[in-house]
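Biologist: Hi! Could you walk me through this structure, one piece at a time?

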Amino acid sequence: MTTKEPKLNSLFRVQTILLLQKDTGKTGYDLAKDIEQITGKKPSSGKIYPFLHELKDGGYINEVEHVESGREKTTYVLTDKGDTLVTDLLTRMSNLLDARLFQLLDTCYHCGVKLYESKVSENIDGQELTFCCSHCKDAYLNKDRVSAHSH
Ligand SMILES: [Zn+2]
């Protein structure tokens, strides 16, 4: 058995696979409309269907025939394998975002802890310093005075 992982090397592909679901079948047209809603640009069927066929060949999605007002429609649902792929993708994306967000966080000037929400800011000698709590602020101010004199 060939386990060919689909290339997720474009935003279109990532968006499409993230829009597919296990329980709710979506037609190629539904997917195109969903993507248009997110990006403002509707992908052509010449783009959607080849990718859906690739996913189906790889065992990531199944075709389900669905009858709506007497007309048969082909919808696509994620298989367990496809669901695992989506979970892996989300984990990778969330790790990437975590790492990026982590760089944006303030750190306590005294103990170096990363500050997710509450913080104490104090203007010290014309410099705005941020601490995780008032204890760290006080500890820093005391240490600073002591060490400044000891050098
Ligand atoms: Zn601290």
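Modeller: Happy to! Let's start with one residue: Thr-24 is partly exposed, with a relative accessible area of 41%. Keep in mind that this is a predicted model.

Biologist: Okay, and where is Thr-24 found?

Modeller: Thr-24 sits in the loop between α1 and α2.

Biologist: What is Thr-24 in contact with, leaving aside its neighbours within four places in sequence?

Modeller: With those neighbours set aside, Thr-24 is in contact with Tyr-76 and Val-77. There is also a nice pairing of numbers for Thr-24 and Leu-78: they are 54 residues apart in sequence, yet their C-alpha atoms are 8.8 Å apart in space.

Biologist: You mentioned α1. Is helix α1 largely enclosed or largely open?

Modeller: Helix α1 covers residues 11-19, and it is largely enclosed by the rest of the structure, because seven of its nine residues are buried.

Biologist: Which residues of α1 are the buried ones?

Modeller: They are Phe-12, Arg-13, Val-14, Gln-15, Thr-16, Ile-17 and Leu-19.

Biologist: And what covers them?

Modeller: The cover over the buried residues of α1 includes α2 (28-39), α3 (45-57) and α4.

Biologist: Let's stay with α4 for a second. Which residue there should I click on?

Modeller: Try Leu-90, which lies in helix α4, residues 80-104. Leu-90 is partly exposed, at 46% relative accessible area. Together with Leu-18 and Met-93, Leu-90 forms a nonpolar patch on the surface, and the three have about 240 Å² of accessible area together.

Biologist: Cool. New topic: strands! How do β1 and β2 pair?

Modeller: Strand β1 (residues 61-68) and strand β2 (residues 71-78) pair in the antiparallel sense, with eight bridges between them. As an example, Val-64 has Thr-75 as its bridge partner in β2.

Biologist: How many residues lie between β1 and β2?

Modeller: Two, and the strands form a hairpin. In the turn, Ser-69 has a positive phi of about 40°.

Biologist: What about β5 and β6, how do they run?

Modeller: They run antiparallel, and five bridges join β5 (residues 120-124) to β6 (residues 127-131). One of the residues to look at is Glu-122, whose bridge partner in β6 is Leu-129. These strands make a hairpin with two residues between them, and Asp-125 takes a positive phi near 50° there.

Biologist: Switching again: how many salt bridges does a search of the whole structure find?

Modeller: It finds seven. As background, side chains of opposite charge can pair when their charged atoms come close.

Biologist: Show me one that includes Glu-122. What does it pair with?

Modeller: Glu-122 forms a salt bridge with Lys-137, and their closest N and O atoms are 3.3 Å apart. The pair links distant parts of the chain: Lys-137 is in helix α5 (residues 134-150) and Glu-122 is in strand β5, 15 residues apart.

Biologist: Is Lys-137 buried or exposed?

Modeller: Lys-137 counts as buried because its relative accessible area is 15%, and the cut-off for buried is under 20%. Its partner Glu-122 is partly exposed, at 28%.

Biologist: Any others I can look at?

Modeller: Sure! The side chains of Glu-68 and Lys-73 meet in a salt bridge at 3.2 Å, N to O. Glu-68 is partly exposed at 38% relative accessibility, and Lys-73 is partly exposed too, with a relative accessible area of 31%.

Biologist: And which residue does Glu-63 meet in a salt bridge?

Modeller: That would be Lys-56, at 3.7 Å from N to O. Glu-63 is partly exposed, with a relative accessible area of 33%, and for Lys-56, also partly exposed, the value is 36%.

Biologist: Last one, zooming out. Which domains does the domain assignment give?

Modeller: It gives domain 1 (11-103) and domain 2 (106-150) for the protein chain. The centres of domain 1 and domain 2, taken over C-alpha atoms, are separated by 48 Å.

Note on methods. Residues numbered from 1 in each chain as written. Predicted model: local features only at pLDDT ≥ 70, side-chain atom pairs only at ≥ 80, totals over all residues. Heavy atoms only, no water. Patch = residues over 30% accessible without salt bridge, like charges linked within 9 Å, V, L, I, M, F, W, Y side chains within 5 Å. Areas by Shrake-Rupley, 256 points an atom, 1.4 Å probe, with all protein chains shown as cover. Salt bridge = Lys/Arg side-chain N within 4 Å of Asp/Glu carboxyl O. Helix = DSSP H or I, 4+ residues; strand = E, 2+ residues; numbered from the N terminus. Buried < 20%, exposed > 50% of the residue type's maximum accessible area, 1.4 Å probe, protein only. Domains from an automatic or database assignment. Contact = heavy atoms within 4.5 Å. Pairing = 2+ DSSP bridges.
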